[in-house]
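I opened the notebook to look up folding, cores and chain contact in one structure. My entries follow.

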Amino acid sequence: MKSKLLISIFSIAGLLLVCGPALAHHGNAGYDMQKMTVINHVTISAVEWTNPHCEIDFDAADEKGNVQHWIVEAPPPSELSSKNWTRKSLNPGAEVTVYFHASKNGALYGIIQKVIFANGDILRAYPDPK
Amino acid sequence: MGTKWILSAVVPLALLASLPGIYAQTNLSRGTSDPSPNATVPDLSGRWVGSPPSFSITDPGGKKTGTAADDTPYQPATLAKLRAEKPEAGPNATFDSDDPRIKYCDPIGLPRIFLVPNQFKFIQTPDFVYIIFEYGTTGLQIAMNRQHPADPDPTWWGDSIGRYEGDTLVVDTIGFNDKTWLDHVGRPHSDELHLIERFRRIDQNHLQLDVTFDDPKAYTKTWTGRKIFSTTDREFVEHSCSMSENEHFKHRMLDGILAPPKSK
């Protein structure tokens, strides 16, 4: 059975996202900002367009085909609006690729960097790493 | 006949009496903060956006905060207080922050509200300048034609008075409580903080804020900071701090992120 999951993990030394122009409300200390996690073919299950952070739920299958449920935070609506997001940009059922920094403790949480749609459209929450 | 005469005289007199007030409201150059009848008031219009985490000129990214490389003139007790805090940014950044604006939705206060990546705008009238903030969503008034009260009550935002000096709006604020942080990296202040903010448009799309922190109870000498703002054409998007929404985020995400790693 062909796994739908493809995880790529990039180690990026000296990542400076912590000092980027749009700090998360609680800072980034709980996430591994040195490592970018990329998961293809995730299915968005919920989007909460709210303060203090927008929250994006998605499901992804692991190597064994078990579905993992992730929740990643994004900036609040006022910041995402400045990056051309609307509350309907990302909807339940969408299949996308998610770039994020995962929680340091291994739990299924993270802080999103960007989302790429099947047609190539990109929604960035934070700048691409340099 | 007598009554008709009085009525016919009262109405024109009332109109004449109201004219100076109308004139003062429509001619900004007649504001009492600028005695010269020909002087112009600087145009501070626009939607201005700042950036975190501090006003420090030598360390705007806040990475040196509280270290030996930090040139802020702390009183010893102030530095101890800073180092005991758990801010969201700086060398002591923690995810489980005790920052009062995060933990309690406390007012973010001055001048820290100018560090958030949200927009603000000025509304300039002769007697008051108002600043409307997307963050909050809140607003401040700056009295342009009076002095500070002799003994203002300590409040979150203090008492602000202002004047124009050429192309600069100078805002002078006292009467703070000591509950807010000056910036995102947690610099404290006392209730004797005397804050001076100078706003000057440096070009069509940029505004400069020069801040003077005069707080001898918390700092050994006056020190200064700076922030440059740029314009946006985006409309306001509400950013209100809600304890119920904070609790929701805490339960949905924060607790899980702060939990110890699961043993494999």
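**Chain B and its contacts**

I looked up burial first: 33% of the 264 residues in chain B are buried (20 or more other C-beta atoms within 10 Å of a residue's own, C-beta atoms being placed from the backbone). The model is predicted, so local features need pLDDT of at least 70 and side-chain atom pairs pLDDT 80 or more, while totals for chains, interfaces and linings use all residues. Residues are numbered from 1 along each chain as its sequence is written, and chains are lettered from A in the order in which they are written.

I then checked secondary structure. Chain B has four helices and eleven strands (DSSP runs numbered from the N terminus: H or I of at least four residues, E of at least two).

Next I looked up the largest nonpolar core (buried Ala, Val, Leu, Ile, Met, Phe, Trp, Tyr and Cys joined through C-beta atoms within 7 Å). It holds 33 residues, and B:Ile113, B:Leu169, B:Phe199, B:Leu207, B:Leu209 and B:Phe213 touch the most other members. Strands 3 (128-133), 7 (168-174), 8 (194-203) and 9 (206-214) of chain B each supply at least two residues. Strand 9 of chain B gives the largest share, four residues.

I followed B:Ile113. Beyond its neighbours within four places in sequence, B:Ile113 is in contact (C-beta atoms within 7 Å) with B:Ile108, B:Phe133 and B:Tyr135.

Last came the chain contact. I found 27 residues from chain A and 33 residues from chain B in it. On the side of chain A that touches chain B, helix 1 of chain A gives the most, four residues.

Definitions and conventions
Buried ≥ 20, exposed ≤ 12 C-beta atoms within 10 Å, placed from the backbone. Contact = placed C-beta atoms within 7 Å.
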